[in-house]
Every structure is written in C-alpha cells, then in structure tokens.
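Please open the structure in your viewer and keep the selection panel at hand. The tour below goes from one selection to the next and says what is found at each stop.

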4 protein chains.
Amino acid sequence: MKRDDKSRKPLLTRVNRIAGQVQGVARMIEEDRDCAEVLNTISAIHSALRGLESTLLEDHVRHCVCDAAKEPKRLEQRLDEIITLYKRRLA
Amino acid sequence: MKRDDKSRKPLLTRVNRIAGQVQGVARMIEEDRDCAEVLNTISAIHSALRGLESTLLEDHVRHCVCDAAKEPKRLEQRLDEIITLYKRRLA
Amino acid sequence: MKRDDKSRKPLLTRVNRIAGQVQGVARMIEEDRDCAEVLNTISAIHSALRGLESTLLEDHVRHCVCDAAKEPKRLEQRLDEIITLYKRRLA
Amino acid sequence: MKRDDKSRKPLLTRVNRIAGQVQGVARMIEEDRDCAEVLNTISAIHSALRGLESTLLEDHVRHCVCDAAKEPKRLEQRLDEIITLYKRRLA
C-alpha cells in the first residue's frame, strides 16, 4: 500500500520499538534473568504486534479494499484476503 | 443474513453440539471432576466456537459485504463492521 | 476437585449463563439475524469462557497442585498438566 | 533461570530469527509492500514467539517451580507467577 512519509513514519517507529523489545528478550536470556520476567516481556511484544496489526488492517480495509470496490473481480480478491487473514487470526 | 434451510441446518447442528459441550462442563463441575479435564473441555468449546465463527465470517463477507459493493455508503458501513470484528478478535 | 456447595454454585451459575448465550446464537441464526450481531455474541461467549477458565485454573493450582507438593511424583504429574494446559492455550 | 551455553544457544538463535522477521516488517513498510503480506509476516512472528514462550514456560515449570517444591512459601510464590502468566495469556 502506497504511503506518504507522514503515515509511514509512525508505523516504523512502532516496529523499531518492537525490535528493541525483542533484543531485550535476548539480553534477558543471556543474563539468565527470571523466566517469568522474560515471559511477561514476550506478552508485551504480542500486545505491541497486535496494536500494529490493528492499524495495518484498518488501513488495508479503508484503502486497498475500498479502492477495489469498483471492480468486482478485484473486490472479490481483496475480500478473499480478508477472510484468510481473519481465519489465520482464529487458528 | 437470509439463509435457506439447507445452509441454516448445519449451522444449528454445530451450535447444538456446542450447547451439549457446555452442559457437559456443568455436569463435570457437579461431579467434582478433575480440573484439568474441565479445562480441556472448555478449550474444545473454544475451538468449536472458532470453527463456527470462521464459517459465519466467510458467509458474511461473501454475501453481505459483496451485496453492499454497489452502494459506497453501505459498503463503508459493512467494512467498518469487518474492522470492528477483526479488532475484537485481536483484543 | 472436591468443592462445597458454596464454591460450586457460582461456577454453575456462570456455566448456565454461557449455555443461555449459546442458545441465543441458535435463535439468532434461526431468525436470520445480521452476521455481525451473531459474531459479536460468539466473542462474548469466548470472553465468558475465559473468565470461567481463569477461575478454574486458579482453583486447580491453589488446591490440586499445592496438595501434590509433598509427593514429588504427584507434583511432577500436576506440573505436566499445567504445561499441557498452557501450551494448549498457546496453540 | 541459570542455563548452560548448550541450552541457552538455541533460545538465542530463535530470538535472533524473530528479530530478523521484525526487521523484515520494517523493510516491507518502507517498500510499500501489500498490507496482506505484512499482516501475514506479523502472524508468523506471533507463532514464533508462542513457540519460544512454550519452551521457556516448560523450562520454568520443570526447573524453577520444581526447585521451589521443598519450601512451601517459595512454591506458593512460583505458583502465583504461573497463575498470573496463564491469566495474562487468557486476557
């Protein structure tokens, strides 16, 4: 999806923060830190990823799926993607 | 969503099976059955519910959302619903 | 797990409420109600089940697992169950 | 939890792979890649994190919780942690 810098930058900031959390897990394992602490950090990474997912999904539906609405074939393909993404979430 | 008997019946069969599983949990608690057994039955109910959810979501997208495609306002409303459902799944 | 009436009754009340929600889904499908409404009710059932699961898990750990602590073999078996339950949650 | 190199190394390899996947998401956003592709990569990261979580949880229960079994106070604290971790998973 084509984004301008204004909308891309906050997404990249969020991804970089998640990357930092993942490096934090590596450091905790290297330092033999308590397992419960490491597991809690992993839960925090899941939450951050879900927040990112939520934003990306909304962008996708409001732009990519809406843009495809004028062409039945393209809309069908976009809606198939939504079904696959949702089902993957349910798995 | 308007369904004919042919597509409604299998859905109702699945819901009735889930209702039976829920009654099974009540019986297990009444009989002081082992907690791990009760917790496993609850996990099985979650899986059955997700299967039902997956079928209903696919029906909804292929029929309700597709039907709305010719009218931008209605399509926007249907896509808003998809975003809300997906986000609720992420929560 | 052996329970007295006082601790069993609230659990059964919660299970019966969930059973009522499941019957509600059957009724909504019979009445061809909007899919998004049915999907939201299913999400509410998942939440109610998770609440029940949380209470049962806490009971199990505080009673069954604690009781087994004096006998290494029994404790090991109870901890294996916890691992299996947790992993099933992760699946 | 105290680990030897032999058990620590494979964990760090898995964390580094996840870190690579997260960087992959950043690159995809920079390259305006299709949203469905980015969302699928995020799902793959969730799965890899859950696999890591599963291994860490098993280690924790088999070592930290078992070690605490001889001291009721310490066992109670470890079991409280398990309840908190499990409930966080349910949230």
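## Chains that stay apart

Begin by selecting chain B and chain D, which do not touch, their nearest C-alpha atoms being 8 Å apart. Keep in mind throughout that what you have on screen is a predicted model. Then select chain A together with chain C, and you will find that this pair does not touch either, with 8 Å between their nearest C-alpha atoms.

## Chain A as a whole

Next, show chain A alone and colour it by secondary structure: there are 3 helices and 0 strands, and reading along the sequence gives the pattern α-α-α. The radius of gyration of chain A is 18 Å, well over the 12 Å that the globule rule gives for 91 residues, so chain A is more spread out than a compact globule. If you turn the view along the principal axes, the C-alpha atoms of chain A fill a box of roughly 55 × 35 × 15 Å.

With the surface of chain A switched on, about 4400 Å² is exposed, and carbon and sulfur atoms supply 51% of that area. Of the 91 residues in this chain, 51% count as buried. Colouring chain A by charge brings out 18 positive and 15 negative side chains, two sets whose centres lie 5 Å apart. As for contacts in chain A with a separation of 6 or more, 45% of them are accounted for by residues 24 or more positions apart.

## Arg3 of chain A

Now select Arg3(A), which you will find in the segment before α1 (5-30) of chain A. Is this residue, Arg3(A), buried or exposed? Its relative accessibility is 6%, which is under the 20% limit, so Arg3(A) counts as buried. Show its side chain and that of Asp59(A), and a polar contact of 3.2 Å appears between the two. Leaving aside neighbours within four places in sequence, Arg3(A) is in contact with Arg8(A), Leu11(A), Leu56(A) and Asp59(A), and also with Asp32(D) and Cys35(D) of chain D.

## Leu12 of chain B

For the last stop, select Leu12(B), which sits in helix α1 (residues 5-30) of chain B and, at 15% relative accessibility, counts as buried. Which residues does Leu12(B) touch, not counting those up to four places away in sequence? They are Ala26(C), Ile29(C) and Glu30(C). Finally, draw a C-alpha to C-alpha distance from Leu12(B) to Glu81(B): these residues are 69 residues apart in sequence and 24 Å apart in space.

Note on methods: Residues numbered from 1 in each chain as written. Chains lettered and ligands numbered in written order. Predicted model: local features only at pLDDT ≥ 70, side-chain atom pairs only at ≥ 80, totals over all residues. Heavy atoms only, no water. Helix = DSSP H or I, 4+ residues; strand = E, 2+ residues; numbered from the N terminus. Rg over C-alpha atoms; globule rule 2.2 N^0.38 Å. Buried < 20%, exposed > 50% of the residue type's maximum accessible area, 1.4 Å probe, protein only. Contact = heavy atoms within 4.5 Å. Areas by Shrake-Rupley, 256 points an atom, 1.4 Å probe, with all protein chains shown as cover. Lys, Arg positive; Asp, Glu negative; His and termini not counted. Charge placed at Lys NZ, Arg CZ, Asp CG, Glu CD. Polar contact = N/O pair within 3.5 Å; in protein donor to acceptor, adjacent residues only side chain to side chain.
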